Amino acid sequence: MENARYRHGLEGELVRTIISLNAISNARVHLAIPRQTLFVRQQGEDPSASVMIELKPGEDLKPDQVEAIINLVVGSVTGMKSEFVSVIDQYGRLLSADVASAATGKVNAKYLEYQKNVEKQIIQRAADMLTPIVGPSNFRVQVAADMDFSQVEETQEILDSNPVVRNEHSIQNNTVDKIALGIPGSLSNQPPVTGEVPTNDSQNTNARSELNRQYAVGSSIRRTQYQQGQIDKLSVSVLLNETAAPNGTAWTPEERAQISTMITDAVGISAARGDSSV
């Protein structure tokens, strides 16, 4: 009952806040908050919400306003995610779908703007090198940059090839036992005196050696996050005015080769990457 009262009160507060917007005349909020469990391994369901709004006659909500309503609900419920909030109007239109597509469009526009800036910088580098040679209005430069905006994170564990001895335990045991020799039935086990020199044949030798060695192998973990917006391939095209050549008619192959080498070094053309310049 306490949870139901809390959810009902929270829904009412959200309704009163959403109604305060100028374009909305009425609203209803339904919250689905799962019960919390004390078991850590048992993953609970994520909370979700549905917002029904009634617009005033002649009014409409912009995607930024719908996104503001979603953020309002997300900030009011613990653990709520924006993708689990649905906003619809009295006509049955799912307004939150337009927000998701608009967010994707913003990301694409951001990447496109970054690509344009990179191409503009490369064109400016080429123009700075060509202007003193052929003049400011005697050339055109076009650049096509193929960019990679994928985000890649790599985790690598490196083991040391030279282990270090951490603990060593060695045991060596040598035992020499004498075998009793004598005449059966005699009063003593002492061998009879025969005048011969005693040998080591009457001795039993046991040797035991044990070695316990523990090694410690060092390891290191390296996390590498590659930069977004790297250039995969670069194509540069340069158009020169023939009347600006030193002879006034056409550029010689040697002059074009010198200009091509100069542009290649200025804009960073890489043959290993597959770049091309014309």
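Here is a walk through this predicted model, from its open sheet out to its salt bridges and last helix. Residues are numbered from 1 along each chain as its sequence is written, and side-chain values use heavy atoms, with hydrogens and water left out. Since we're dealing with a prediction, local features need pLDDT of at least 70 and side-chain atom pairs count only at pLDDT 80 or more, while totals for chains, interfaces and linings use all residues.

Let's start with the sheet. Three strands line up in the order β1-β2-β3 to make an open sheet with mixed pairing. (Strands are DSSP runs of E, at least two residues, and helices are runs of H or I, at least four residues, numbered from the N terminus; two strands pair if DSSP finds at least two bridges between them.) At the edges sit β1 (24–32) and β3 (85–88), each of which pairs on one side only. From one strand to the next, the twist averages 15°. Strand β2 (residues 48–55) and β3 run parallel, joined by 4 bridges. If you want one pair to look up, Ala49 has Val85 in β3 as its bridge partner.

Now add the helices. Helix α2 (residues 63–76) packs on the sheet and touches β1, β2 and β3, where contact means heavy atoms within 4.5 Å. Its direction makes about 140° with that of β3. Helix α1 (residues 2–19) lies across β1 and β2, running at about 150° to β1. For these angles, axes are lines fitted to C-alpha atoms, for helices over the stretch in contact, and angles run from 0 to 180 degrees between N-to-C directions.

Helix α1 is worth a check on its geometry. At 1.5 Å a residue its 18 residues should span 26 Å, and the end C-alpha atoms are indeed 26 Å apart; the expected span is 1.5 Å times one less than the number of residues. Which residues of α1 are buried? They are Leu10, Glu11, Leu14, Val15 and Ile18, with buried meaning under 20% relative accessible area, exposed over 50%, and partly exposed in between (1.4 Å probe, protein chains only). These buried residues cover an arc of only 140° around the axis, so they are on the same side of α1; the arc is that of the directions from the helix axis to the C-beta atoms. Their cover includes β1, β2 and α2. The face turned away from that buried side carries the exposed residues Glu2, Arg5, Tyr6, His8 and Arg16.

Next comes Ser96, which is found in helix α3 (residues 95–134). Ser96 counts as buried because its relative accessibility is 11%. Leaving out residues up to four places away in sequence, Ser96 touches Val66, Ile70, Val85, Ser86 and Val87.

On to the charges. Side chains of opposite charge can pair when their charged atoms come close. The rule here is a side-chain nitrogen of Lys or Arg within 4 Å of a carboxyl oxygen of Asp or Glu, and the count comes to 6 salt bridges. One of them joins Arg93 and Asp89 at 2.7 Å, N to O. Arg93 counts as partly exposed because its relative accessibility is 37%, whereas Asp89 counts as buried at 1%. Another salt bridge pairs Glu168 with Arg213 at 3.0 Å, N to O. That pair links distant parts of the chain, 45 residues apart: Glu168 in strand β6 (residues 164–178) and Arg213 in strand β7 (residues 203–216). Glu168 is partly exposed at 45%, and Arg213 is partly exposed at 36%. Glu210 and Arg208 also form a salt bridge, with the closest N and O atoms 2.9 Å apart. Salt bridges that share partners join Asp60, Asp89 and Arg93 into one network.

Strand β5 (residues 153–159) makes a contrast with the buried spots above. Of its 7 residues the number buried is 0, so β5 lies largely in the open. Strand β5 runs antiparallel to β8 (residues 219–225), with 7 bridges joining them, and Gln156 stands opposite Arg222 in β8.

Finally, look at helix α4 (residues 253–267). Its 15 residues reach 21 Å from first C-alpha to last, close to the 21 Å expected at 1.5 Å a residue. Buried in α4 are Ile259, Met262, Ile263 and Val267. They cover an arc of only 110° around the axis, which puts them on the same side of α4. On the other side, Pro253, Glu254, Gln258 and Asp265 are exposed. Just after α4, Gly268 takes a positive phi of about 85°.
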